[in-house]
Amino acid sequence: MAKHVIVISNDAMVYEDLATLQRLPVFASLWEQMAQAKRVRSVYPSLTYPCHTTMMTGVYPDKHGIVNNETPELLIRTSIWHLFRKDIKGRDLFDAAKEAGLTTAAVFWPITGNHPNIDYLVNEYWPQTLEESLHDCFANSGSSPEVMRKVVEPNLTRLVNRTHPYCDDYIYGCACSMIREFKPNLLMIHPANVDGYRHQTGVFSEKVTHGLHEIDSWMGQLINATKDAGIYEDTDFIMISDHGQINVVRAVAINAMFARNGLIDVDENGGIADWTAFCKSTGLSAQVYLKNPEDAEALKRTYDLLSWMCSEGVYGISRVYTAEEARAEEHLAGGFSFVLETDGYTSFHNDWLMPLVRNKDLSDYRYGNATHGHHPDKGPQPTFFAFGPDFQPGACIERARLVDEAPTIAKVLGVELGEVDGRVLDELLR
């Protein structure tokens with residue numbers, strides 16, 4: 001088994017992107033060494049944080065508990081994101097690796113803040129107040145003094161917060177510093193330039209193609225870092241992705257319909273005075289919570305309204321899942337009573353005020369030219385490819401699942417992840 005494993009999650013990369021990557025200098029030189037699962041079924045909702053939690057645990061959202069990028073506060077238009085490991089239920093790859101005596105590292109892997117079993121950590125985190133600096137936010141979310149000195153501070157000038165490609169350049173810079181300084185057995189990183197470009201310009205565009213060129217260059221930097229550290233021949237490189245995206249043309253404020261139909265009471269200042277049901281967006285899907293989930297009358301009233309909206313065909317809803325259906329069909333559960341799925345071109349807005357239909361808004365990933373959160377069988381699919389001493393060059397399977405990735409990584413590392421929902425992709429291994 002390999003002594004070192006580097007996992008790169010290229011957010012929103014899809015199988016169709018490989019046609020471009022195969023023509024670029026670094027990936028072209030590596031392609032004959034690659035093992036591949038062409039298309040990987042994501043989880044529902046196909047959002048970054050639920051997906052990445054599955055990618056490091058091997059279980060579905062109904063078990064790990066992350067069902068949205070945002071934390072579950074209701075009655076507000078936007079809540080803070082899941083930033084800290086404490087929000088996740090159960091074990092993950094970092095826990096398993098540390099138990100086996102391995103060293104661990106992560107750069108911008110979601111929901112790893114203050115993770116007790118990551119030795120070298122730069123969390124995906126940004127200043128939460130005007131007083132918190134970029135320097136302080138990483139120290140506050142788990143970067144040790146050694147990591148601050150040897151990794152964060154030397155690369156901080158590369159970072160423009162939450163702006164691509166500068167944020168991604170910082171991520172790769174930190175990852176290369178970690179490799180050269182610490183040679184971790186497990187390193188997991190999460191760049192998101194392609195995801196950002198798709199939100200801005202649509203699923204396939206010149207900007208997205210440019211982003212793939214950036215990824216090729218950064219991959220070369222990672223490989224050079226492992227060669228500098230003397231670990232290249234003992235390193236498995238695993239490139240994965242969390243979800244695809246779908247082009248959208250509008251957003252619909254389901255809560256505005258709730259207010260119009262008496263399920264939300266709006267006060268004279270435009271705030272919520274009382275409520276029966278509240279819809280929380282997950283981009284191209286949404287989760288509907290009841291103030292009292294045990295209230296059978298409220299449950300029926302809400303379901304009847306949502307079913308009518310779905311049947312009308314103009315409110316952006318193609319299906320209304322009950323909580324029971326969402327759990328049984330998609331392993332999705334989390335305190336909500338219903339899940340709404342997009343019609344394929346409409347995202348869902350959290351607002352409870354009119355207008356009902358909103359134009360695109362590039363400042364919010366949910367409302368851009370393309371987004372995600374949709375059912376995992378829709379749209380372009382994420383992909384998986386890998387090379388190194390534990391992978392069979394040229395091995396290829398058509399399909400895999402996001403839940404299969406953590407068990408496969410665990411096997412390559414030689415660690416025990418425990419009970420999972422996925423399987424090891426043995427067809428890709430030597």
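Which residue follows H3, and is its phi positive or negative? I looked this up at the start. Gly58 follows H3, and its phi is positive, near 80 degrees. I note that the model is predicted.

**Entry: helix H3**

I stayed with H3 and checked burial. H3 covers residues 48–57, and 10 of its 10 residues are buried, so the helix is largely enclosed by the rest of the structure. I listed them by name: Thr48, Tyr49, Pro50, Cys51, His52, Thr53, Thr54, Met55, Met56 and Thr57. Next I asked what covers the buried residues of H3. The cover includes strands E1, E5 and E6. It also includes helix H4 (61–64), helix H5 (93–99) and H14.

**Entry: the mixed sheet**

I traced the sheet that holds E1, E5 and E6. It is open and has 8 strands, in the order E4-E3-E5-E1-E6-E18-E2-E19. The pairing is mixed. I then looked at the edges. Strand E4 (120–122) and strand E19 (396–401) stand there with a single partner strand each, so one side of each has no neighbour in the sheet. Neighbouring strands are turned by 15 degrees against each other on average, direction ignored.

I looked for a helix on this sheet and found H14 (residues 405–413) packed on it. H14 touches strand E1 (4–9), strand E2 (35–41), strand E5 (186–189), strand E6 (235–240), strand E18 (384–387) and E19. The direction of H14 makes about 160 degrees with that of E1.

**Entry: strand E3**

I took E3 (residues 104–107) by itself. E3 pairs with E4 in the parallel sense over 3 bridges. E3 pairs with E5 in the parallel sense too, over 4 bridges. I checked Ala106 on both sides. Ala106 stands opposite Leu121 in E4, and its bridge partner in E5 is Met188. Val107 stands opposite Val122 in E4.

Are the faces of E3 covered or open? I found both covered. Thr104 and Ala106 are buried on one side, Ala105 and Val107 on the other.

**Entry: the antiparallel sheet**

I moved on to another sheet. This one is open with 4 strands, in the order E11-E12-E14-E13, and its pairing is antiparallel. Strand E11 (277–281) and strand E13 (317–322) are at the edges. Each has a single partner strand, so one side of each is left without a neighbour in the sheet. The average turn between neighbouring strands is 25 degrees here, direction ignored.

I followed E13 to its partner. E13 and strand E14 (residues 338–342) pair in the antiparallel sense over 5 bridges. Val320 stands opposite Leu340 in E14.

I also looked up which helices lie across these strands. Helix H12 (residues 296–312) lies across E11, strand E12 (285–290), E13 and E14. H12 runs at about 155 degrees to E13. Helix H13 (residues 323–330) lies across E13 and E14, at about 95 degrees to E13.

**Entry: H9 against H10**

I checked one helix pair. The axes of H9 (residues 193–201) and H10 (residues 206–229) come within 9 Å and cross at roughly 170 degrees. The two helices are therefore roughly antiparallel to each other. I read off the contact. Asn193, Val194, Tyr197, Arg198 and Thr201 in H9 meet Lys207, Val208, Gly211, Leu212, Glu214, Ile215 and Trp218 in H10. By class, the contact has 6 nonpolar, 3 polar and 3 charged residues.

**Entry: cysteines**

How many disulfides does the structure hold? I found 0. Cys137 is in no disulfide, and the nearest cysteine sulfur, in Cys167, is 10 Å away. Cys137 is buried at 0% relative accessibility.

Why does Cys310 have no bond to Cys279? Cys279 holds the closest cysteine sulfur, but at 13 Å from that of Cys310 it is too far for a bond. The cut-off for a disulfide is 2.5 Å. Cys310 counts as partly exposed, with 22% relative accessibility.

**Entry: Val249**

I ended on a loop residue. Val249 is in the loop between strand E7 (246–247) and strand E8 (250–253). Is Val249 buried or exposed? I have it as exposed, with a relative accessible area of 52%. Leaving aside neighbours within four places in sequence, Val249 is in contact with Tyr345 and Lys360. I also looked up Ser347. Val249 and Ser347 are 98 residues apart in sequence, yet 8.2 Å apart in space, C-alpha to C-alpha.

Technical notes: Residues are numbered from 1 along each chain as its sequence is written. This is a predicted model: local features need pLDDT of at least 70, side-chain atom pairs count only at pLDDT 80 or more; totals for chains, interfaces and linings use all residues. Side-chain values use heavy atoms; hydrogens and water are left out. Buried means under 20% relative accessible area, exposed over 50%, partly exposed in between (1.4 Å probe, protein chains only). Axes are lines fitted to C-alpha atoms, for helices over the stretch in contact, and angles run from 0 to 180 degrees between N-to-C directions. Angles under 35 degrees count as roughly parallel, over 145 as roughly antiparallel, 65 to 115 as roughly perpendicular and the rest as oblique. Contact means heavy atoms within 4.5 Å. Ala, Val, Leu, Ile, Met, Phe, Trp, Tyr, Cys and Pro count as nonpolar, Asp, Glu, Lys and Arg as charged, and the others, Gly among them, as polar. Two strands pair if DSSP finds at least two bridges between them.
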